[in-house]
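Me: I've got a model open and want to know what stands behind the labels. Can you take me through them?

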Amino acid sequence: MSRYDIRDITLAPSGHRKIEWVKNNMPLLTAFEEEFRRTRPFEGVKISLSVHLEAKTAYLCLVLAAGGAQMSVTGSNSLSTQDDVAAALADDGLSVFAYHGATDEEYMRHIEMCLEHGPTIIIDDGGDLGGMLHEKRPDLMSEVMGGCEETTTGVIRLKAMEREGILRFPMVAVNDAKCKHLFDNRYGTGQSVWDSIMRNTNLIVASKTVVVVGYGWCSRGIAMRAAALGARVIVTEIDPVKAMEAKMDGYDVMRMETAAPLGDMFISATGCCHTITVDHMMKMKDRVILANAGHFNVEIDMAGLEEAAVSKHETRNNIMGYVLPNGRTVNVIGEGKLVNIAAADGHPAEIMDLSFAVQIMSALYIKDNHKALENKVIDVSSEIDDVIARKRLAAWDIEIDSLTDEQRAYLDSWQV
């Protein structure tokens with residue numbers, strides 16, 4: 001029997017419509033659902049899931065439930081939870097603990113409630129489920145086989161736990177799979193970040209100077225789409241190789257201190273803290289736009305900004321204007337939280353179809369192989385990437401070549 005702590009169960013019909021829309025655009029998950037209804041590979045498995053709780057995640061939950069999993073669900077960001085989608089999942093009999101705009105205390109209570117059914121597998125986005133198990137609820141860890149981590153930030157946290165020798169179960173680094181980061185991080189983030197910025201500001205991007213902080217896969221997508229929209233792009237980096245890549249991709253590269261007075265829009269996507277500080281803000285133009293595309297709201301120094309600001313006011317829905325001591329205003333979208341999901345609908349359905357297919361196959365891998373795995377961060381196998389890529393190509397009706405026996409022998413030989 002399901003349990004839930006949601007805003008309003010009567011919102012469920014709206015959530016069902018959203019889920020049906022994304023289902024019609026997620027062929028990989030649809031195929032898994034059809035297969036799982038026959039095979040029930042997760043029968044008897046309890047899955048605790050913490051991912052941005054909107055329609056695409058909801059469909060992932062329903063696919064896993066179709067495979068026999070007992071699902072306990074929460075969100076990975078209080079602003080990304082959509083109340084009607086949470087209500088739809090509860091209406092479908094899943095245990096759901098999340099609502100939009102939860103306080104930090106409520107958010108962590110929901111994380112803990114999501115774990116209380118005693119999971120055998122966790123599916124995490126940012127590391128809060130794993131962190132709660134290790135730090136506060138080790139009593140709920142006895143049946144955990146392992147889990148999957150969706151995002152760069154969560155993988156960073158897990159690798160730190162592994163280095164310190166405190167990771168108690170294996171975790172698959174879903175984020176590092178080719179079918180995840182090459183598409184989700186680059187094309188998904190690139191499109192959804194600009195969708196959010198444009199819909200919330202209603203400002204043109206062409207002619208603007210856009211400063212992108214970092215040049216990992218997410219930042220590359222953001223920079224690529226900014227340039228395509230007609231912006232001048234500046235990249236700031238700490239990694240000399242990535243800085244070279246940004247330069248050769250056609251962008252200006254400089255220190256943040258130098259870029260601060262030049263930008264009209266600033267987007268940080270590094271997974272690190274305080275990449276945009278109050279000192280940087282004091283050098284910025286009046287009415288600049290600041291946005292964060294990293295998992296946690298620490299990239300823009302929001303605490304420092306709250307303390308330094310003379311006043312603040314809502315300048316537009318989802319945008320807070322902070323008046324600095326020099327009289328200039330900086331506009332922050334979505335409270336400095338993950339801009340594409342805290343103030344929009346997140347990645348396109350087709351992109352999340354790929355990412356969640358990796359999640360499903362990784363969860364199956366954990367279920368089938370956990371006894372032979374060490375308590376480490378595990379890479380997604382090339383076989384899983386290959387299967388998913390071929391399924392996606394087939395959904396597009398695309399055929400590709402394969403090696404002949406002669407070509408395979410040539411590649412396997414050292415002789416020309």
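**Sheet, helices and cysteines**

Reply: Sure. Strand S14 (residues 319-323) pairs with strand S15 (residues 329-333) in the antiparallel sense, over 5 bridges. This is a predicted model, where local features need pLDDT of at least 70 and side-chain atom pairs pLDDT 80 or more, while totals for chains, interfaces and linings use all residues. Residues count from 1 along each chain as its sequence is written, and side-chain values use heavy atoms, leaving out hydrogens and water.

Me: What makes S14 and S15 a pair?

Reply: Strands pair if DSSP finds at least two bridges between them, and S14 and S15 have 5. In one of them, Val 323 is matched with Thr 329 of S15.

Me: Why do S10 and S13 count as edges?

Reply: The open, mixed sheet of 8 strands runs S10-S9-S8-S11-S12-S15-S14-S13. S10 (252-253) and S13 (311-316) each have a single partner strand, so one side of each lacks a neighbour in the sheet.

Me: How do you know that Cys 61 isn't bonded to Cys 114?

Reply: A disulfide needs two cysteine sulfur atoms within 2.5 Å. The sulfur of Cys 61 has its closest cysteine sulfur in Cys 114, 8.9 Å away, so that's too far for a bond. Cys 273 is in no disulfide either, with the nearest cysteine sulfur, that of Cys 272, at 4.6 Å. The structure holds 0 disulfides.

Me: Why is Cys 61 called buried, and Cys 273 partly exposed?

Reply: Buried means under 20% relative accessible area, exposed over 50%, and partly exposed in between (1.4 Å probe, protein chains only). Cys 61 has 0%, so it's buried; Cys 273 has 45%, so it's partly exposed.

Note on methods
Helices (H or I, at least four residues) and strands (E, at least two) are DSSP runs, numbered from the N terminus.
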